[in-house]
Amino acid sequence: GTPVAGTPVAGTPGGKGGNKAHLNTAEGATQEISKTTSFITLVKSDLAYANGKMDTSVVQSWLNSADNLVKSAQSANSSSQYEKAGETARAARELANASESLMRQQLGADKLPSYGQMPAPKGQPSGTSGSSTTTTPTQAQVSRDLQHTYNDIVTKGLLLKNTANVASDANTYLTAAQNYYKTAYSAYQASKYTDASNAAKTAGQLIHAVDHLIHAATAGTSTDAPVAVPAPNF
């Protein structure tokens, strides 16, 4: 089954949202780290299965980065930087999310060990994993997904450029998101809407990771303190 663009992998936050106040507590940050660690463990079980069946180099690279981000989140949590810890953990979860998506797209969600183990999205029966659908996306749907993804990439790119102290890997994920968007655009132009949908979904997950890293870099800033004012680079 190939997931349709815009459908987050079950058990993940889908990129955005979440209670900011929740992240500002030790309990909230600890929960985010715990959820992320559990999710990464599931994705690693899928990676073990996928080895030899597909090129897993990108998946392995993203999961290595996710592990490093979890360590950074744990360090921030130990230093009572709770919002930074929570946002960093969410960035790690998005990288794992993108890794999981690549394996599901190439091998089929129902072939992976994690199938049925993750919580189902709202409105779906427990154990469905939310990724068994084989519905072919329409041109209209994909066009809107690509438009939204493009705008998100541009917006987050400008924010990243004008935000200090963001994790250095954020630029790597931004570039990867841009490349996946280019792949999605080419597939769309060739009327390969499922391929375009899949590439756009991965681009979106990567840009969500960038978004969380930007929030982590600005976490805990007092409203009384000045922030960096963007230069008019347009």
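**Figure 1. Burial and overall make-up of the protein.** Of the 234 residues in this predicted model, 44% count as buried. The accessible surface of the protein comes to about 11,300 Å², and carbon and sulfur atoms account for 51% of that surface. The protein contains seven helices and zero strands, so that, read from the N terminus on, its elements follow the order α-α-α-α-α-α-α. Among the contacts that join residues at least 6 apart in sequence, 78% are between residues at least 24 apart.

**Figure 2. Helix H4 and the glycine that follows it.** Helix H4 takes in residues 82-107, which makes 26 residues. At 1.5 Å a residue these should span 38 Å, and because the C-alpha atoms at the two ends of helix H4 are 37 Å apart, the expected span and the modelled one agree. Helix H4 is mostly covered, with 22 of its 26 residues buried. After helix H4 comes Gly108, which has a positive phi, near 95 degrees.

**Figure 3. The surroundings of Ser65 in helix H3.** Ser65 is found in helix H3, which is made up of residues 57-78. Is Ser65 buried or exposed? Its relative accessible area is 14%, and because buried means under 20%, Ser65 counts as buried. When neighbours within four places in sequence are left aside, the residues in contact with Ser65 are Leu95, Asp169 and Tyr173.

**Figure 4. Asp46, a buried residue without a salt bridge.** Asp46 belongs to helix H2, residues 26-50. Although Asp46 is buried, it has no salt bridge. Which side chain of opposite charge is nearest to Asp46, and how many Å away is it? The nearest is that of Arg104, at 5.5 Å, and because a salt bridge requires a side-chain nitrogen of Lys or Arg within 4 Å of a carboxyl oxygen, this pair does not count as one. The side chain of Asp46 does, however, make a polar contact of 2.6 Å with the side chain of Ser114. Leaving aside neighbours within four places in sequence, Asp46 is in contact with Glu100, Met103, Leu112, Pro113 and Ser114.

**Figure 5. The salt bridge between Glu32 and Arg90.** Side chains of opposite charge can pair when their charged atoms come close. Across the whole structure, a search finds seven salt bridges. One of them joins Glu32 and Arg90, whose closest N and O atoms are 3.2 Å apart. This pair links distant parts of the chain, since Glu32 is in helix H2 and Arg90 is in helix H4, 58 residues apart. Both partners are covered: Glu32 counts as buried at 2% relative accessibility, and Arg90 is buried too, with a relative accessible area of 5%.

**Figure 6. The salt bridge between Asp67 and Lys44.** In this view the side chains of Asp67 and Lys44 meet in a salt bridge, at 2.9 Å from N to O. Here as well the pair links distant parts of the chain, with Asp67 in helix H3 and Lys44 in helix H2, 23 residues apart. Asp67 counts as partly exposed, at 24% relative accessibility, and Lys44 is also partly exposed, with a relative accessible area of 37%.

**Figure 7. The salt bridge between Asp110 and Lys111, and a network of salt bridges.** Asp110 forms a salt bridge with Lys111, and the closest N and O atoms of the two are 3.5 Å apart. With a relative accessible area of 43%, Asp110 is partly exposed, and Lys111, at 48% relative accessibility, likewise counts as partly exposed. Which residues are joined into one network by salt bridges that share partners? They are Glu32, Lys35, Arg90 and Arg93.

**Figure 8. Ser143 in helix H5.** Ser143 has its place in helix H5, which runs over residues 139-161. At 24% relative accessibility, Ser143 counts as partly exposed. The side chain of Ser143 reaches the backbone oxygen of Ala140 at 2.7 Å. Where does Tyr193 lie with respect to Ser143? The two residues are 50 residues apart in sequence, while their C-alpha atoms are 8.9 Å apart in space.

Notes: Residues numbered from 1 in each chain as written. Predicted model: local features only at pLDDT ≥ 70, side-chain atom pairs only at ≥ 80, totals over all residues. Heavy atoms only, no water. Helix = DSSP H or I, 4+ residues; strand = E, 2+ residues; numbered from the N terminus. Buried < 20%, exposed > 50% of the residue type's maximum accessible area, 1.4 Å probe, protein only. Contact = heavy atoms within 4.5 Å. Areas by Shrake-Rupley, 256 points an atom, 1.4 Å probe, with all protein chains shown as cover. Expected span 1.5 Å × (residues − 1). Lys, Arg positive; Asp, Glu negative; His and termini not counted. Polar contact = N/O pair within 3.5 Å; in protein donor to acceptor, adjacent residues only side chain to side chain.
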